[in-house]
Amino acid sequence: MAEEATETVKIATEEQGQRLDRVLAARIPALSRSRLKALILDGQVAIEARTIRDPATYVNSGDTVTVTLPAPEQPKPAGEPIPLNVVYEDDALIVIDKPKGLVVHPAAGHAKGTLVNALIAHCGDSLSGIGGVKRPGIVHRLDKDTTGLMVVAKTDAAHRALSAQFANKGESGIERGYLALVWGAPDRPKGTIDAPLDRHPQARDKRAVRAGGRAAVTHWQVLERYAGADGKPVASLLACTLETGRTHQIRVHLAHIGHPILGDASYGTGFKTKASLLSPAARPLLEGLGRQALHAYLLAIEHPITRDVLRFRSELPSDLSRLRHALAENPSAGRKRSK
């Protein structure tokens, strides 16, 4: 049974006057801001031994902040015998290839049938409790309809180490690569999107590029271009890598530069009319896709115990592979491959 633990943070000069929950979220990457807020409200955070219950409390340079992490409760979600495509597993972590339609953790409208339910059944009590009872072992996530590689922590030590890697991608050497089928084709072979993201002003379940939002950087490269009925590029295959891991980052960023992901009902609805330019083979495949054409094909991490670099790759799932081939074999226009 895991025991209570503590995290201690010394407030730096540059953090003077910032909100307590914001500082702790930046300094303790293993804990989400919402989790930290809950701990503060529950009286589990103290500044210089004085219990603080207001997440908006301003901190002072030199303050010592102590966060108490109660021993994790028994997971509230129940284990369910949901098949998992396990790519790698040892005592510290498990890497899975997530299928489309699988929600990562229980939330409103998805109390059952999630990846967490499957992991509890597969791993038993070995999952890290740091993520809280509804997110045991979850270090990062993929959207429900995004397929591909995910790593999950099976111990608290692995959770902290992996979370630190995801929080410091530029320094840790971690790699997260995605393949995206998008509308149109950029006029350059590769590029970088550096645009801050925040909640959408009208739809709270969406994100938008907004000044003052959280920093977000996506690198992209054109792998293939596909011509439409008019001979112009109607779609392309991009490889994207992340410097940051914001919610919906790739989906929002690609829409921001005018190349939303095929099938993305949240960020690509304005491009539906372009479907008429697709080949007779590609059009029904896109209509029946039912999700955004986004796949996490590459994951590289440093093992939290051995320090070995683990590198995994995942092929495009069958629905995206069929769509890709149909786009490439448009009989009314030649395929254009980028070098």
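1. Let me begin with strand 6 (residues 93-98): six of its six residues are buried, so this strand is largely enclosed by the rest of the structure. Buried here means under 20% relative accessible area, exposed means over 50%, and partly exposed is in between, with a 1.4 Å probe and protein chains only. Strands (E, at least two residues) and helices (H or I, at least four) are DSSP runs, numbered from the N terminus.

2. A word on what you are looking at: this is a predicted model, in which local features need pLDDT of at least 70 and side-chain atom pairs count only at pLDDT 80 or more, while totals for chains, interfaces and linings use all residues. Residues are numbered from 1 along each chain as its sequence is written, and side-chain values use heavy atoms, with hydrogens and water left out.

3. Back to strand 6, and its two faces. In a regular strand the side chains alternate between the two faces of the sheet. Here both faces are covered: L93, V95 and D97 are buried on one side, and I94, I96 and K98 are buried on the other. Do have a look at D97 and K98 in the viewer, since both are on that buried list.

4. Which strands pair with strand 6? Strand 5 (residues 86-89) does so in the antiparallel sense over three bridges, and strand 7 (residues 147-153) is joined to strand 6 by six bridges, also antiparallel. Two strands count as paired if DSSP finds at least two bridges between them. Strand 5 and strand 6 form a hairpin with three residues between them. To find the register, use Y88, whose bridge partner in strand 6 is V95, and L93, which stands opposite A153 in strand 7.

5. Strand 13 (residues 233-242) is another one to inspect. Eight of its ten residues are buried, so strand 13 is largely enclosed by the rest of the structure. Strand 8 (residues 175-183) runs antiparallel to strand 13 and is joined to it by seven bridges, with V182 opposite S236. Strand 12 (residues 217-227) is also antiparallel to strand 13, through nine bridges, and T218 stands opposite L242 there.

6. The connection between strand 12 and strand 13 is a hairpin with five residues between the two strands, and G231 in the turn has a positive phi of about 85°.

7. Among the helices, I would pick out helix 6 (residues 249-256). Six of its eight residues are buried, so helix 6 is largely enclosed by the rest of the structure. The buried ones are Q249, I250, R251, V252, H253 and L254. Just after helix 6, G258 takes a positive phi of about 90°.

8. Two backbone angles deserve a check. Most residues other than glycine have a negative phi, and most peptide bonds are trans. A49, though, has a positive phi near 70°. A49 lies in the loop between strand 2 (45-47) and strand 3 (50-52) and is exposed, with a relative accessible area of 75%. R307 also has a positive phi, of about 70°, although it is not a glycine. R307 sits in the loop between strand 14 (294-302) and strand 15 and counts as partly exposed at 49% relative accessibility.

9. Is R313 buried or exposed? R313 is exposed, with a relative accessible area of 57%, and is found in strand 15 (residues 309-313). Leaving aside residues up to four places away in sequence, R313 touches L149, Y297 and L298; contact means heavy atoms within 4.5 Å. R313 and L277 are 36 residues apart in sequence and 32 Å apart in space, C-alpha to C-alpha.

10. Finally, the chain as a whole. There are eight helices and 16 strands, and 48% of the 339 residues count as buried. With 339 residues, a compact globule would have a radius of gyration near 20 Å, and the chain's 22 Å agrees with this; the radius is taken over C-alpha atoms, and the globule rule is 2.2 Å times the number of residues to the power 0.38. The C-alpha atoms fill a box of roughly 70 × 45 × 40 Å along the principal axes. Among contacts between residues at least 6 apart in sequence, 68% join residues at least 24 apart.
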